[in-house]
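Please look at the sequence and the structure shown here. The paragraphs after them go through the fold part by part.

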Amino acid sequence: MMVKEGRVSIETGNAFYNPRMEMNRDITVACLEALPEISDYIDVMSASGIRGIRVKKEVSRDIRVTSNDWDEPACEIIKNNAEANGACLEVSNCGANTLLSQRSFDFVDIDPFGTPAPYINSVCWASKRAMGITATDTAPLCGAHLKSGIRTYAAYPLKTEYYPEMGLRILLGKVAREEAKYDRALKPLLCHTTEHYIRLYLGVSHGRAEADAMMKDIGFIVHCFKCKNRFELKGLAVQATETCPVCGAPVRVAGPLWLGMTKDRAFVEKVIGVLEAGQFNKKERAIRMLSLVRDELDTSTFYDHHAICRDLKATPTDIPTLLGDLKRQGYAASRTHYMGVGFKTDAPINVIRGTVLRLSG
Ligand SMILES: C[S@@+](CC[C@H](N)C(=O)[O-])C[C@H]1O[C@@H](n2cnc3c(N)ncnc32)[C@H](O)[C@@H]1O
Ligand SMILES: [Zn+2]
C-alpha cells in the first residue's frame with residue numbers, strides 16, 4: 001500500500017503501518033523541529049520507516065537519523081522507502097535493548113506494540129538529550145487491568161474517572177525512576193493521551209542534584225471514591241490517612257506516580273507554531289489537542305463533569321459556564337485534553353459540588 005504523510009510517500013509492503021498514528025508522527029516531526037539542540041535521532045522500532053524518514057525529510061535542519069527494526073524484511077522496506085524519498089539515513093537491524101546498550105543518541109524514540117516497559121531502562125541509558133515514548137497498553141496503566149499494571153510498572157494504578165491522566169502519570173513515574181538511577185533527570189516537554197495511546201516527549205538533564213530534585217515530583221494520589229475528593233502525598237515513604245477528610249469514607253492510594261508538570265508551556269506553544277506553519281495532514285486536530293494541553297492547569301488529576309452531575313442528580317451546564325463560575329469564586333480552572341467533559345481546578349470538592357448543584361438550577 002502506498003501512503004502519503006507530510007512530505008513523504010511510503011510503500012508499506014508487509015511492514016506494520018497504522019494510519020491512526022499519523023497525528024502522532026506529525027507531532028513528532030514538529031517536536032524535533034522545535035528542539036534545535038537535537039542533531040541525531042533514532043526510531044528504535046521503525047516498521048515501514050515512515051517516522052524516521054519524515055524526520056529526515058521534514059525537519060528544516062539536517063538531523064542524522066537511524067531507523068532500526070529487528071525484523072529483517074522490515075529493514076529492506078525501510079531502505080527502499082528511504083531511497084525512494086531521497087532520505088539519507090542509517091538502517092539498523094538489531095534488537096532494541098542490544099542496540100541501545102551499545103550506542104547513544106540525542107533523541108531516542110520508541111514506539112512498540114503495547115507496553116514500552118521492557119525498553120525503558122535502555123531508552124534512559126541511551127538518550128543524551130531527549131526521548132519519545134509511546135505506550136498503547138492503556139488498560140494496565142489506567143488501572144483497568146490491575147495485576148498487569150502492578151507487574152509491569154511496579155506501581156498501583158487506580159481506576160478513577162481521571163483514568164487517562166492516571167495512566168500517563170504512572171508511565172511517567174516509571175520513566176523518572178529509571179532515569180534517576182543514572183543520575184539524570186527528565187523534564188516533561190509535552191505529554192498527551194489520545195485514543196488508545198499515551199505519548200511522552202521528555203527532555204533529559206544530567207546531574208545528581210537534578211535527579212534528587214526530580215524525585216521530589218514522585219509520590220501518590222489519595223482518592224475517595226465516595227465524594228471524589230483527592231489529594232497528593234509527595235515522596236516514596238509516605239503515610240496515608242485511612243479515611244477521607246471531607247466525607248469520612250475509606251480512601252484508596254495510587255502510585256508511585258509522577259506528580260510534577262507534564263508539559264513545558266513554551267515548548268508546546270513552539271510546537272503549535274511549527275504545526276501552523278507546516279504541511280501536516282492532521283494539523284487542525286493536532287493544534288486543537290495541543291492548545292488544550294498548553295492551557296490546562298498543572299494539577300495531577302481532573303474531574304469528569306458528567307460523573308459529578310450523576311452523583312448529584314444534577315443537570316450538566318456547559319463547561320465554559322462552570323469554569324467561569326469557579327474562576328469568579330477565585331479558583332483556577334481549565335478544560336483538559338484528556339476528556340471533552342473533563343475540567344481541572346484547584347477548588348476543593350465541596351466547592352465544585354456546590355457550584356455544579358447551583359448551576360444545575
Ligand atoms: C508499532 S511498530 C512501529 C511503528 C512505527 N514507529 C511507525 O510510526 O509507523 C513496532 C515495530 O517494532 C518492531 N519491534 C518490536 N520489538 C522490537 C525489538 N525488541 N527491537 C527492535 N524492533 C522491535 C516490530 O518489528 C515493528 O516493526
Ligand atoms: Zn470523601
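Strand 3 and strand 6 run parallel and are joined by 3 bridges. The model in which they are seen is a predicted one. One pair in this ladder is Ile42 with Val108, the latter being the partner in strand 6. Strand 6 also runs parallel to strand 7 (residues 127-135), to which 5 bridges join it. In that second pairing Phe105 has Ser127 of strand 7 as its bridge partner. Strands of a sheet pair through backbone hydrogen bonds, and the pairing may be parallel or antiparallel.

Is strand 6 enclosed or open to the outside? Strand 6 covers residues 105-110, and 6 of its 6 residues are buried, so the rest of the structure largely encloses this strand.

Just before strand 3 comes Ser39, in the loop that links helix 1 (22-33) to strand 3 (40-43). Ser39 has 15 C-beta neighbours inside 10 Å and therefore counts as partly exposed. Beyond its neighbours within four places in sequence, Ser39 is in contact with Ile63, Arg64 and Asp106. Arg61 lies 22 residues from Ser39 in sequence, while their C-alpha atoms are 8.7 Å apart in space.

Val108, already met as the bridge partner of Ile42, leads on to the nonpolar interior. The largest nonpolar core has 105 residues, and Val108, Val123, Val175 and Val271 are those with the most contacts inside it. Helix 8 is the element that gives the most to this core, with 8 residues. Where does this core lie with respect to domain 1 and domain 2? Residues of this core come from both domain 1 (2-295) and domain 2 (303-359), so the core lies between them. For Val123, residues up to four places away in sequence are not counted, and the ones it touches are Leu100, Val108, Ile110, Met131 and Ile133.

The two domains come from the domain assignment of the protein chain, which gives domain 1 as 2-295 and domain 2 as 303-359. Their C-alpha centres lie 29 Å apart. How many residues of each domain take part in the contact between them? On the side of domain 1 there are 14 residues, and they are in contact with 12 residues of domain 2. Helix 8 (163-180), strand 8 (184-194) and helix 11 (283-295) are the elements that give two or more residues to the side of domain 1 that touches domain 2. Helix 11 gives the largest share of that side, 4 residues. By class, the same side of domain 1 has 7 nonpolar, 3 polar and 4 charged residues.

Next comes a sheet of 3 strands. It is open, its order is 13-15-14, and its pairing is antiparallel. The edge strands, each pairing on one side only, are strand 13 (303-304) and strand 14 (333-335). Strand 14 pairs with strand 15 (residues 342-345) in the antiparallel sense, over 3 bridges. Within this pairing, Phe343 of strand 15 is the bridge partner of Arg335.

The model also holds a ligand. Which residues come nearest to ligand 1? Of the 20 residues around ligand 1, the nearest are Met45, Ala47, Trp70, Ala96 and Asp111. The shell around ligand 1 is made up, by class, of 11 nonpolar, 3 polar and 6 charged residues.

Some details of the backbone remain. Gly255 and Pro256 are joined by a cis peptide bond, with omega about 5 degrees. Pro256 has its place in strand 12 (residues 252-258).

Two residues other than glycine have a positive phi: for Ala154 the value is near 45 degrees, and for Lys228 it is about 75 degrees. Ala154 is found in the loop between helix 7 (146-153) and helix 8. Lys228 is found in the loop between strand 10 (218-223) and strand 11 (230-234). Which of the terms buried, partly exposed and exposed applies to Lys228? Lys228 has 22 C-beta neighbours inside 10 Å and so counts as buried. Ala154, with 13 C-beta neighbours inside 10 Å, counts as partly exposed.

Definitions and conventions:
Residues numbered from 1 in each chain as written. Chains lettered and ligands numbered in written order. Predicted model: local features only at pLDDT ≥ 70, side-chain atom pairs only at ≥ 80, totals over all residues. Near = placed C-beta within 6 Å. Nonpolar A, V, L, I, M, F, W, Y, C, P; charged D, E, K, R; others polar. Pairing = 2+ DSSP bridges. Domains from an automatic or database assignment. Contact = placed C-beta atoms within 7 Å. Core = buried A, V, L, I, M, F, W, Y, C linked by C-beta atoms within 7 Å. Buried ≥ 20, exposed ≤ 12 C-beta atoms within 10 Å, placed from the backbone.
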